[in-house]
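I opened this notebook to record what I looked up in the structure, beginning with burial and ending with a pair of helices.

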Amino acid sequence: MAIAEAPALAVRRAPVAVPARETLGRRITRHWADYLYVLPALLVMLVVIGYPLVYTVWLSFHATPPRTGEWVFNGTQNYQDILSGPRFWRITMNTIYWTVGSTLFAFILGFGAALALHNPFRGRGVVRALLLIPWVVSAVAAAYVWRWILHSDYGLVSGMLRSWGVIDRPLVLLDSKSYVMPTLIAVNVWKEFPFVMVMLTAGLQTVPEGLLRAARIDGASTWDQFWHVTVPHLKGVILITTLLLFVGNLNSFTLVWLMTGGGPANASQLWITEIYNIAFRSLQYGMASAFSVILFIIMLALGYFYVKALTMNAPRREG
Amino acid sequence: MFSHEPTRNPLIINRRRLMGFLAGAVATGIVTKSEALAYLQDSSAKTGVTAEEWNPETIKALAGTREVDTEADLHALVPETTEGTIQYWNVGPTEPDPQITKDLYQEFQDTFARYYPNITLENQNVGYNDMLDKIRTAAAGGAAPDVAKMPILWGVEFAARGDTSEVTLEEFGWTAEQFWPGALKSVTWDGKLYGVPTNNETMAFIWNKQIFADAGLDPESPPTTWADVVAYSNQIKQETGKNGYGMVAKVNAGNTPFRFMPVMWAYGGSALDEAVDEPTYETTMINSPEGIAALQTYYDMYVRDGSVPTSALTNTQTENQDLFIAGEIAMMISHPSEYVAMQGRAAGATGADKERADQIVANMAYGLIPEGPVRRAVVFGGSNAHIMSDAAHGAPVNRDAARALVAMLTGPEWSLKNNWTDSNPANLVGFETKWMKQRLEEIAFLEVTTAMLPYGIPFPVVPESPEVMNIIVPEMLQNALTETMTVEEAANDAADRINALIASR
């Protein structure tokens, strides 16, 4: 009998028993050695992060008058006072303006720099190193230098423009309610765009050259190649970079504090600088804690999306 | 015109002659008694510093009349063999400070080590704008130093919270008569002493005679009233293009209330009621008609006339120094050390910059701070030494070693030397030493700031003072100067915030 004429053997599969869902406890028991290795790090995190976190939440339900130093439980009064005050909403608008503005422009500038430096050219290494300088300069040094450069009365920028006849009065930026935030955002963008450049430069290396070549052969324009090939490939990196930028800017303290202190007239006051003022100038630790908890909840939400983005395409590990 | 020097020149008016003239004027009905008193009103009731006892003539007469032996006095109090480690935090000299200030700062530490070879002094120089936050945080965390020397405004909040130890003057070998009453008041809380004054000072008015001349003003005649300051500032701006008055209005900077409160008090307002003879600190006068008038002077200079630096909202006195030595501002308020600082800057300049800086130093002049409709006023400033509590320190403080350090800090020699260029010894015996005589000879304009002492008003001695002076008052200024609020609204807003603080006690 030819093989082709042989009757097909019925392949009977033995019934597969569906294993019972493993409990967390059982999983931990099975991987006890793994948990033992991470236990020291977990303990450190518990002490350094967990304890202050719990303490801050607890403190946020207390009044802490500076006169006595005694802490008095006052329920949600701190939260009510913060959320009902006109100052909170004004500072919230400042914070949104600062965070979104800094993130958006740092991303655009950083992406542009990454694209410009993606293709090799003579001196590319030197240019890349120069563009990294703002990122490596300490924030404190940057704040003081920029404050001097932008000083209304003897700043470099104002002085140069006046000597060239471009303006005839001092250029008022940091002392202007209208211009202080755009000015601070510009300085922050200068400081941050190299981070975006580095992240996206690494991402651009992973874009398959073959796909770009195929697109070119098919007649795709430069923009089409960028939008339909490059960007989709960088989606994950873009998301992570912008999330990190957003969270970092929401927490950003040094530049604003050193350059303007939140002024003039609270025009550059952010959540984080206000928390500092409430805690260390007004000695209202309870209220500052409540403000910190509100900020923490927002950061937690952002962190959730960050983790989700990170694990989005990662294969689920089977135990 | 007005002079503080003793003189036979009938054309020179000094305070004694002025008092005589005013007495005659009142008798003949030329001026009313209240007008005369307002003109002469000083703040001696608050500080115990009377013009009769403390003026350039008496101070000169006192200097060099007593010998002190600091080493012997200290060892009689705390034995040389005392052992231990002492952490000492203080607001020490910074880069712009005169070299002699830095040298004496180091000499103090070296001398203490020599007097007490078995005590390790861990000295920490903390910046003025950082010290308060640092020590608050440290005290809350049980990590405060053993001894802290803090500006006069700060100590009371620590005393209220129990972060400082109760002390007596006797344990350092002193008596109450050796200190001005106002200085002792600044270290008293709830009837107990919690520190010892190290130095007390007031500031003076400084102007550039050359800019005055260029603007058509008499270079020898500074403004006598704050209304004059506004007018002179505007004239200087109009005639020369330079800024008139070196205004400081930064938030969270101690320089701001030290320069604005003299204006507020001169007009009859105050942050709480610290300017009245018997303050209760239970009410605010910041939005009284007088307080609003004081704020209006700042508004007029910054907004109406544009005669002060635009950067005033973010300037401290350090930035003012740059503007003054560059010849960009004509007037400012500061310590006698400003002259020494300007000399130092001029010495470091080169070329055309040096020539200009030297000219500015040569044209620098000091005078009394202008007066207002009610009084002439200045902040009664200084520093105090505190032994922190065991709880704030996080461990028992080495009391003997701490006593030795505080006794040396507050003794006649070092309460003077540690404040060589910009302050006065809080220990009044310091005025009698040979070093005081040397200072009077070496430091230009020292007698002018000393002459301001009778007009000194202390900041409110309440724990809420730092928030009032470092945040509420500067934010009131910024709200008015940026026209976020009208002058009256800004004053009312500040009053509401101060009242809320009082209510929360």
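Entry 1, burial. I looked up chain B and found that 54% of its 505 residues are buried (20 or more other C-beta atoms within 10 Å of a residue's own, with C-beta atoms placed from the backbone). This is a predicted model, in which local features need pLDDT of at least 70, side-chain atom pairs count only at pLDDT 80 or more, and totals for chains, interfaces and linings use all residues. Residues are numbered from 1 along each chain as its sequence is written, while chains are lettered from A and ligands numbered from 1 in the order in which they are written.

Entry 2, the core. I then asked which residues touch the most other members of the largest nonpolar core (buried Ala, Val, Leu, Ile, Met, Phe, Trp, Tyr and Cys joined through C-beta atoms within 7 Å). Of its 146 residues, these are B:Leu405 and B:Val406. Because domain 2 (62–201 + 380–451) and domain 3 (204–378 + 464–503) of chain B both give residues to this core, it lies between them; the bounds come from an automatic or database domain assignment. Neighbours within four places in sequence aside, the contacts of B:Val406 are B:Val147, B:Phe172, B:Val196, B:Ala385 and B:Ile387, a contact being two C-beta atoms, placed from the backbone, within 7 Å.

Entry 3, helices. The axes of helix 11 (residues 226–240) and helix 13 (residues 289–304) of chain B come within 10 Å and cross at roughly 5 degrees, which makes helix 11 of chain B roughly parallel to helix 13 of chain B (angles under 35 degrees). I noted that B:Trp226, B:Val230 and B:Ser233 of helix 11 make the contact with B:Thr297, B:Asp300 and B:Met301 of helix 13; helices here are DSSP runs (H or I, at least four residues), numbered from the N terminus.

Conventions:
A residue is buried if 20 or more other C-beta atoms lie within 10 Å of its own, exposed if 12 or fewer, and partly exposed in between; C-beta atoms are placed from the backbone. Axes are lines fitted to C-alpha atoms, for helices over the stretch in contact, and angles run from 0 to 180 degrees between N-to-C directions. Helices (H or I, at least four residues) and strands (E, at least two) are DSSP runs, numbered from the N terminus. Angles under 35 degrees count as roughly parallel, over 145 as roughly antiparallel, 65 to 115 as roughly perpendicular and the rest as oblique.
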